[in-house]
Amino acid sequence: MPINTIDGHTFTVNDEGFLTDRAGGSEDLAAILADLIGIDDLTEQHWAPLRFMRTDSATTGVTPTLRRMQTVGGFDIKELFLLFPGKPAKKLAYLAGLPKPVGCV
Amino acid sequence: MLANKLAKANLPDLTITVVDQNDDHHYQPGYLFIPFGTYRPEQVVRSRAAQLSKQVTFLRQTIERVDPDGRQVHLAGESALAYDWLVIASGAAPRPDQTPGLMDERVWRRSAFDFYTLDGAEALHAALANFEGGRLLVHISEMPIKCPVAPLEFAFLADDYFRGRRMRHKVDITYVTPLDGAFTKPVASARLGNLLEEKSIRLASDFAVAGVDPQASTLESYDGRHLPFDLLVTVPVNMGAQFVIDSGLGDDLGFVPVDKHTLQSVAHERIFAIGDATNVPTSKAGAVAHFEVDHLVRNLTAAMAGQPLPSSYDGHANCFVEAGRGKALLLDFNYDTEPLTGLFPAPVVGPMKLLGSFAHQPPRQAGLREDLLERAAAGEAAAGAERDVDVRQGAGHSQEVRSHAHQHY
């Protein structure tokens, strides 16, 4: 597994760049990673779903789906698409330091 | 399975009652083959009661709700059953009502079908037989779903089916998924990533479904994509049983939150759950229930004796994948290990290649495949050279590979 170092943050990632250990994730790091995927500024609107994702996955053990972000977190899916264009589920997981949502293959 | 194993364990003072709303035990992996005429409906249904040990009482009743504090299961009507220990094994069910517009009478069971129910699979069989060509969408609404590779298998088999009918060129197949690809795990996407392209199946990924527009016959996403369809084969959102939801025992999808190793409810120590009914982060698949059952027998036995729960399920799952054209794949993984490549030492059938395709014996009474086999045996060229070779391989291995790839979970 590759080890990345950015601005003093050292963390292990998988081949796609997702953190392999959620403990390596932090809000500082999320702000740096956001820059890499073309999200210039993380506003409070971005932070709310990111924080929900981390809290929720800490109890369930899995990254929440977009549906769960809506039904449990109360976030509007359309808005998530605007905040994290194109691939909100994947981008949210990437920034939150969690595995991307996967199937079994 | 659990009831029979517990009965066999001969625990003192234990009486076991199984409650189910019907006596029809469905072999659900068989649904996949009904639309293509490989299986007939009666081949996948058998009596539940007939599978149970004589020491187990079978009660055919609808459960309305569970009262965990009063330790009672309330049944339809006024009756209730008291319990010391409760195991919830009520599975997961497709909920087409959760996708707006899907059940509109202009599309539902006319041009939009599911195949995760027996009547849906039967209806789709008729629709496929009458399909004259056009846009076919094979769609997953949201994870988790039962047998997560079945939609992909459906797309592969549909490709096969239309080739067999010599009309593949008239059918535009698109695989629509909320995930970022058809293969989401690195090793699988590296090994299998080009399968869709090889079969000329389009991919629409990151598709968060907002609903069906029954007027326009389109599948709509939250980011404004409209996919037109002539035939929509959808896997609706999967949810746990209604009584679980009504009893407040489920999560947002009605799955029972349990400790992923002991399978004990996180909220009630006298409740356990097994199979698709739980929220454990592994596939919803029959193989999982099989691998869970021995752990649960040991843990229940210990719980009844007032001892700590000794047995820890590791998320082990495996899955045979029907890849079309008489080939199959085998996946094997758990909570911590990605699917591995290599050989799986299966008894009887011999080692099987993991994550590489191997030829398998065609399902018995496979209408389409039998035709092809007969033609291949007679030396008649089938639809394409590749198929011809594949079919012969399948036939050549039929003595050796006695297990059927459709016995995937």
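**View 1. Chain A of this predicted model combines five helices with two strands.** Starting at the N terminus, you can follow its elements in the order β-β-α-α-α-α-α. Along the principal axes, the C-alpha atoms of chain A fill a box of roughly 35 × 30 × 25 Å. A compact globule of 105 residues would have a radius of gyration near 13 Å, and chain A, with 13 Å, agrees with that. Of its 105 residues, 36% count as buried. Looking at contacts in chain A with a separation of 6 or more, 44% come from residues 24 or more positions apart.

**View 2. Here helix α2 of chain A packs against helix α5 of chain A.** Helix α2(A) covers residues 44-60, while α5(A) covers residues 88-96. Their axes lie 9 Å apart and meet at an angle of about 70°. Angles of 65 to 115 degrees count as roughly perpendicular, so α2(A) is roughly perpendicular to α5(A). To find the contact, look for Pro49(A), Leu50(A), Met53(A) and Arg54(A) on α2(A). Their partners on α5(A) are Leu92(A), Leu95(A) and Ala96(A). By class, the residues of this contact are six nonpolar and one charged, with no polar residue.

**View 3. This close-up turns to chain B, where three strands form an open sheet.** The strand order is β5-β6-β7 in chain B, and the pairing is antiparallel. At the edges sit β5 (63-67) and β7 (80-82) of chain B, each of which pairs on one side only. From one strand to the next, the twist averages 20°.

**View 4. A step further in, strand β6 of chain B is shown with β7(B).** Strand β6(B) spans residues 72-75, and three bridges join this strand to β7(B). The two run antiparallel. A handy landmark is Val73(B), which stands opposite Leu81(B) in β7(B).

**View 5. The last view shows where chain A meets chain B.** The contact draws on 23 residues from chain A and 25 residues from chain B. On the chain A side, the elements that give two or more residues are α3 (66-71) and α4 (77-83). Helix α3(A) gives the most to this side, with four residues. What classes of residue does the side of chain A that touches chain B have? There are nine nonpolar, seven polar and seven charged residues on that side.

Methods
Residues are numbered from 1 along each chain as its sequence is written. Chains are lettered from A and ligands numbered from 1 in the order in which they are written. This is a predicted model: local features need pLDDT of at least 70, side-chain atom pairs count only at pLDDT 80 or more; totals for chains, interfaces and linings use all residues. Two residues are in contact if their C-beta atoms, placed from the backbone, lie within 7 Å. Ala, Val, Leu, Ile, Met, Phe, Trp, Tyr, Cys and Pro count as nonpolar, Asp, Glu, Lys and Arg as charged, and the others, Gly among them, as polar. Two strands pair if DSSP finds at least two bridges between them. Axes are lines fitted to C-alpha atoms, for helices over the stretch in contact, and angles run from 0 to 180 degrees between N-to-C directions. The radius of gyration is taken over C-alpha atoms; the globule rule is 2.2 Å times the number of residues to the power 0.38. A residue is buried if 20 or more other C-beta atoms lie within 10 Å of its own, exposed if 12 or fewer, and partly exposed in between; C-beta atoms are placed from the backbone. Angles under 35 degrees count as roughly parallel, over 145 as roughly antiparallel, 65 to 115 as roughly perpendicular and the rest as oblique.
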